[in-house]
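Okay, thanks for squeezing me in, everyone. I'll put the sequence and the structure up on the screen, and then we can walk through the fold together.

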Amino acid sequence: MNPIIEELEKPYLGKELPELNPGDTVKVFVRIIEGNKERTQAFEGTIIKEHGSGINKTITVRKVFQGVGVERVFLVHSPRIEKINVLRRGDVRRSKLYYLRERSGKATRIKEKIEKR
């Protein structure tokens, strides 16, 4: 990446983030403004895709809610994102997990990565 662009983006990279990989189950806390009130909403699901780098990095998080698959794209360095918690690390062999879209129930399970001490 161009060092000039990196220097310009540095002040916007703000918060310290955990390492995010496809297959990880995460809980993303998003600030939502309704009228004149602001609240935090959690979105929990599996990362099926990472895209971009630097300030433009996005993750696509998928969950199944009431039998319907819901995918949401989050701009990782957005000021609207309060924090991201990694609940479990997934052990997958590819970077885009689009195959999860066709699967349902137990077929969508992802092995958990065993961490070395």
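I'll go from the overall layout to the sheet, then the core, and then a few side chains.

So, before anything else, keep in mind that this is a predicted model. The chain has 117 residues, and 26% of those are buried. If you draw a box around the C-alpha atoms along the principal axes, you get roughly 45 × 40 × 30 Å. For secondary structure we have 1 helix and 5 strands, and the order along the sequence is α-β-β-β-β-β. On contacts, take the ones with a separation of 6 or more: 50% of them are between residues 24 or more positions apart.

Let's look at the ends for a second. Asn-2 sits in the segment before α1, and that helix covers 3–9. Is Asn-2 buried, partly exposed or exposed? Its relative accessibility is 37%, so Asn-2 goes down as partly exposed, since that class lies between the 20% and 50% cut-offs. From the C-alpha of Asn-2 to the C-alpha of Arg-117 it's 37 Å, with the two residues 115 apart along the chain.

Okay, the sheet. It's an open one with 5 strands, in the order β4-β3-β2-β1-β5, and the pairing is antiparallel. Which strands are at the edges? Those are β4, residues 68–75, and β5, each of which pairs on one side only. On average, neighbouring strands here are turned by 40 degrees against each other, ignoring direction.

Now strand by strand. β1 and β2 are antiparallel and share 10 bridges; one place to look is Val-28, whose bridge partner in β2 is Phe-43. The hairpin made by these two strands has 2 residues between them, and Gly-35 there has a positive phi, near 65 degrees. β1 also runs antiparallel to β5, with 6 bridges joining them, and you can find Thr-25 opposite Arg-88 of β5. Over at the β4 edge, β3 and β4 pair antiparallel through 8 bridges, with Lys-63 standing opposite Val-70 in β4.

On to the core. How many residues make up the largest nonpolar core? It's 12, including Leu-20, Val-28, Phe-43, Ile-47, Phe-74 and Ile-84. The elements that put in two or more residues are β1 (25–34), β2 (37–51), β3 (58–65) and β5 (81–88). Out of these, β1 gives the most, with 3 residues.

If you want one core residue to click on, try Ile-47. Leaving out anything up to four places away in sequence, Ile-47 touches residues including Leu-20, Pro-22, Val-26, Ile-59, Val-61 and Leu-97. Polar or charged residues show up on that contact list too, among them Asn-21, Asp-24 and Thr-60.

Last bit, the aromatic rings. Our friend Phe-43, the partner of Val-28 from before, has Arg-72 lying over its face, 5.7 Å from the ring centre. Then there's Phe-29, where the charged end of Lys-83 sits over the ring, 4.9 Å from the centre. As for rings pairing with rings, the count is 1 aromatic pair. In general, you'd describe a pair like that by the distance between the centres and the angle between the planes.

That's my tour, so let's open it up.

Note on methods: Residues numbered from 1 in each chain as written. Predicted model: local features only at pLDDT ≥ 70, side-chain atom pairs only at ≥ 80, totals over all residues. Heavy atoms only, no water. Phe/Tyr/Trp six-rings, centres within 6.5 Å; stacked < 30°, edge-to-face > 60°. Lys NZ or Arg CZ within 6 Å of the ring centre and 35° of its normal. Core = buried A, V, L, I, M, F, W, Y, C linked by side-chain atoms within 4.5 Å. Buried < 20%, exposed > 50% of the residue type's maximum accessible area, 1.4 Å probe, protein only. Helix = DSSP H or I, 4+ residues; strand = E, 2+ residues; numbered from the N terminus. Contact = heavy atoms within 4.5 Å. Pairing = 2+ DSSP bridges. Axes fitted to C-alpha atoms, helices over the stretch in contact; angles between N-to-C directions.
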